Amino acid sequence: MNDSVLASSASTSPRLTGLAYLPRWLGGVSCYIAFGLGGLLSSLTILPLLRFWPGTTEQRISRVQKTVHHMFRGFVQMLSWAGVIKVTPVNLERLSLAKGKVVIVNHPTLVDVVVLISLMPNAGCIVKQGLWRNPFMRGVVACAGYIPNRGAELLLKDCKRVLDSGTNLIIFPEGTRTVLGTKINPFARGAANIALRTKTDLLPVVLRTDSPGLTKQEAWYQIPRRTIGMHVEVGDPLLHIRYDAQEGGDAKMARQLTRDLEDYYKKELN
């Protein structure tokens, strides 16, 4: 995606000020409230029912993941209706056809994981421990079979189980949202270690935004005054075997893969 396309997108999205901003703010905050209440209610009703409906463990988790996919898709449509974001996927078929891939994504905004799961019916992710204590989201992450971020060996075991079942695993190598004014944060080696030690191919996804908003420096209720155009660009798969074939131990290969991934995103986002 070249800069002229993003510039054109930005130019069609005016920056709201004064009373013109009030409907945008009310709409955006209402979306978040609906999302939180929907997560709580679904955790108490439909998700446990789907999780324990007859079938294999994989079938039950798959049902919940597809339901969460549709819920998140609805939330993204609400945000779009409110003028908060506008999502444009590129090469979406690569996401819809992916199975058992480590999906690597940069992390510019608060809603990145929601957008990704809204585009993928069979997606899982590693969830920080705080969400397991969040009453609005605890039931969702537990029923969907998402992976708690715990000790390294247990984490790798959980990741291999999820990937072997055909579920894609979304990972943000930056660890947290990109610092405003920079292309990406330095990548951690966790994603590379998971891909290499589970012998899984990677699928890079580049998120481009044409205006700042929903960043780590802002509270959730600071609704952007300009609609954020988000382009979701799915790249070519990266084969793990390229790094298995190299000489050296797991640590050396993980460092090399992490450097290559970081260079790839710097180049794509330049």
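In this predicted model, R225 is partly exposed, its relative accessible area being 30%. The residue belongs to the loop that links β6 and β7. Beyond the neighbours within four places in sequence, R225 is in contact with P14, R15, L16, T17, G18, Y21 and R24. One of these partners, R24, lies 201 residues away along the chain, yet the C-alpha atoms of R225 and R24 are separated by 7.5 Å.

**The sheet and its strands**

The loop of R225 lies between β6 and β7, and both strands belong to an open sheet of 7 strands. The strand order is β1-β7-β6-β2-β5-β3-β4, and the pairing is mixed. β1 and β4 (147-148) are the edge strands, each pairing on one side only. Three of the pairings are set out below.

| Strand pair | Sense | Bridges | Residues opposite each other |
|---|---|---|---|
| β1 (residues 85-90) and β7 | parallel | 6 bridges | V90 and E233 |
| β6 (residues 202-209) and β7 | antiparallel | 5 bridges | L207 and V232 |
| β3 (residues 123-127) and β4 | parallel | 2 bridges | V127 and P148 |

At the β4 edge, β3 and β4 pair in the parallel sense over 2 bridges, with P148 in β4 as the bridge partner of V127. Helix α12 (residues 250-269) packs on the sheet, where it touches β2 (102-105) and β6. The direction of α12 makes about 35 degrees with that of β6.

**Burial of β7**

How many residues of strand β7 (residues 228-234) are buried? The count is 7 of the 7, so β7 is largely enclosed by the rest of the structure. In a regular strand, side chains alternate between the two faces of the sheet. For β7, one side carries I228, M230, V232 and V234, and the other carries G229, H231 and E233; all of these residues are buried, and both faces are thus covered. Among them, E233 stands opposite V90 of β1, while V232 stands opposite L207 of β6.

**Helices α9 and α10**

Two packed helices are described by the angle between their axes and by the distance between those axes. Helix α9 (residues 152-164) packs against helix α10 (residues 190-197) at an angle of about 55 degrees, and their axes are 10 Å apart. An angle from 35 to under 65 degrees falls in the oblique class, and α9 and α10 are therefore oblique to each other. The crossing of α9 past α10 is right-handed. On the α9 side the contact involves E153, L156 and C159, which meet N193, I194 and R197 of α10. By class, the residues of this contact comprise 3 nonpolar, 1 polar and 2 charged.

**Loop residues with positive phi**

Most residues other than glycine have a negative phi. N91 has a positive phi of about 60 degrees although it is not a glycine. Its place is the loop between β1 and α5 (92-96). With a relative accessible area of 30%, N91 is partly exposed.

K199 also has a positive phi, near 55 degrees, and is a residue other than glycine. This residue sits in the loop between α10 and β6. Is K199 buried or exposed? Its relative accessibility is 57%, and because the exposed class begins over 50%, K199 counts as exposed.

Definitions and conventions: Residues numbered from 1 in each chain as written. Predicted model: local features only at pLDDT ≥ 70, side-chain atom pairs only at ≥ 80, totals over all residues. Heavy atoms only, no water. Buried < 20%, exposed > 50% of the residue type's maximum accessible area, 1.4 Å probe, protein only. Helix = DSSP H or I, 4+ residues; strand = E, 2+ residues; numbered from the N terminus. Pairing = 2+ DSSP bridges. Axes fitted to C-alpha atoms, helices over the stretch in contact; angles between N-to-C directions. Parallel < 35°, antiparallel > 145°, perpendicular 65-115°, else oblique. Left-handed = near helix turned anticlockwise from the far one by under 90°. Contact = heavy atoms within 4.5 Å. Nonpolar A, V, L, I, M, F, W, Y, C, P; charged D, E, K, R; others polar.
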